[in-house]
Amino acid sequence: MSKSEINLTDVKAFTVIAEQGSFTKAAEVLNCSRSHLSKQLTHLESCLGVTLITRTTRAQRLTEQGEAFFNRCRAALESIDQAVEIAVDNAQNLQGSIKINCVGGFLGEEIVASLVNDFIAKYAGVSVELDFSSQRVDLLVDRFDLVFRMGQLEDSGLVARKLMDITNLTLASPKYLGSRGFPADPKSLKSHQCITGSVSNWSFYHVDNKDQKLDVHINGVFRCKNGRAMKHSALAGNGVVRLPELYCTEELSRGELVSVFDDWRIADTPFYLLYHKDRYQPAVLREFVRFTAEHFMDYVL
């Protein structure tokens, strides 16, 4: 036989036999028969090619090789027991680290960051790494535990917890509209200055008939994948912008930005929390998902 056939159960049985000093006592500890222990020891010695315990009908003693093997195995098994205890403790207690990827801008920097900081304040044993990289990440490859993501999702095999629908508006400043006028409909945007992010094709539906749709390709005078920068450009009178309503509630209430269409709307954007399908998910992740699902809208309103 070879070393590859050695199994941990046989090693554990050997250490208990050596500790107890007899097969009878070891069998009681392991709740098995003496004959079963004898077979385990014989199999282990055969794999190693060495005698570990010299035994007679009256006594047993460790060989020199057995003594050295026992000392090393006992230390190794103690380390394994400690590792198991730590793993179980981390899985059952609210402690440990969480690595999160999230969209940036207002959603990430204001809403999600505030939620995360309140979670850390509530659970002292928790640390969080919050990443605002905008590219689509793979939770396994990039080693993220959770992802906050906007937009429709592909069937990724992940759990998707919908947190909210984001209302989107087409906006401009009174300064811009005073000089260029209101666009009559979405097609009219082709003759207007527009401010765009990552999306150049703007889709609209009519408020009275959702099946009546218009898609418009936008050539932006200012392009930036940052909602704050886009909002500031619109406030400066540089053009028509498409933004989530929650990005500019104060500007809307003060009349610094106004909606350019009464009859045409942009579809809402769903916002999700994504995580692995894991029946043995650590307690700290389970609690963060619960905390987020229960309190997320408190940070939006």
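Leu171 stands opposite Ser259 in β13, and the two strands concerned, β7 and β13, pair in the antiparallel sense over two bridges. Pairing here requires that DSSP finds at least two bridges between two strands, while strands themselves are DSSP runs (E, at least two residues) and helices are runs of H or I of at least four residues, both numbered from the N terminus. These strands belong to an open sheet of five strands with the order β11-β8-β12-β7-β13 and mixed pairing; its edge strands, β11 (222-223) and β13 (258-259), each pair on one side only.

The model is a predicted one, in which local features need pLDDT of at least 70 and side-chain atom pairs count only at pLDDT 80 or more, whereas totals for chains, interfaces and linings use all residues. Residues are numbered from 1 along each chain as its sequence is written, and side-chain values use heavy atoms, with hydrogens and water left out.

**Domains and cores**

The protein chain is divided into domain 1 (8-87), domain 2 (96-165 + 270-299) and domain 3 (168-267), with bounds that come from an automatic or database domain assignment. Between the C-alpha centres of domain 2 and domain 3 there is a distance of 29 Å.

The largest nonpolar core has 36 residues, and those with the most contacts inside it are Ile98, Phe119, Leu146, Phe148, Phe271, Phe288 and Phe296. Because domain 2 and domain 3 both give residues to this core, it lies between them. Apart from it lies another core, of 16 residues, which includes Val16, Leu37, Leu52 and Ile53. A nonpolar core is taken as a set of buried Ala, Val, Leu, Ile, Met, Phe, Trp, Tyr and Cys residues joined through side-chain atoms within 4.5 Å; buried means under 20% relative accessible area, exposed over 50%, and partly exposed in between (1.4 Å probe, protein chains only).

**Strand β15**

Strand β15 (residues 269-275) is mostly covered, with seven of its seven residues buried. Thr269, Phe271, Leu273 and Tyr275 are buried on one side, and Pro270, Tyr272 and Leu274 are buried on the other, so that both faces are covered. β15 has antiparallel pairings with β5 and with β6, and a further antiparallel pair, β9 and β10, forms a hairpin with two residues between the strands. The table sets out these pairings.

| Strands | Bridges | One bridge pair |
|---|---|---|
| β5 and β15 | five | Met150 and Phe271 |
| β6 and β15 | seven | Lys162 and Tyr272 |
| β9 and β10 | six | Phe204 and Leu214 |

**Pocket and cavity**

About 1,200 Å³ of space lies in the largest pocket. Its lining comprises 40 residues, of which Met150, Ser198, Val199, Arg242 and Thr269 lie nearest its centre. At least two lining residues come from each of β3 (96-102), β5 (146-150), β9 (201-206), β10 (209-217), α7 (227-235) and β12 (240-244), and β9 gives the most, with five. Domain 2 and domain 3 each supply at least three residues of this lining. By class, the pocket lining has 17 nonpolar, 16 polar and seven charged residues, where Ala, Val, Leu, Ile, Met, Phe, Trp, Tyr, Cys and Pro count as nonpolar, Asp, Glu, Lys and Arg as charged, and the others, Gly among them, as polar.

A search of the whole structure finds one cavity of 30 Å³ or more, and about 40 Å³ of space lies in the largest cavity. The residues lining this cavity are Asn168, Leu169, Thr170, Ser259, Phe261, Trp264, Arg265 and Ile266, and β7 gives the most to the lining, with three residues.

On a 1 Å grid over the protein atoms alone, a cavity is a set of points where a 1.4 Å probe fits but cannot get out, and a pocket is an open set with protein on both sides within 12 Å along at least five of seven lines; lining residues have an atom within 4 Å of a point. Grid points are joined across faces, edges and corners, and a volume is the space filled by probe spheres set on the points.

**Two loop residues**

Asn31, found in the loop between α2 (23-30) and α3 (34-48), has a positive phi of about 55° although it is not a glycine. Most residues other than glycine have a negative phi. At 72% relative accessibility, Asn31 counts as exposed. Gly125, in the loop between α5 (105-122) and β4 (126-131), is partly exposed, with a relative accessible area of 42%.
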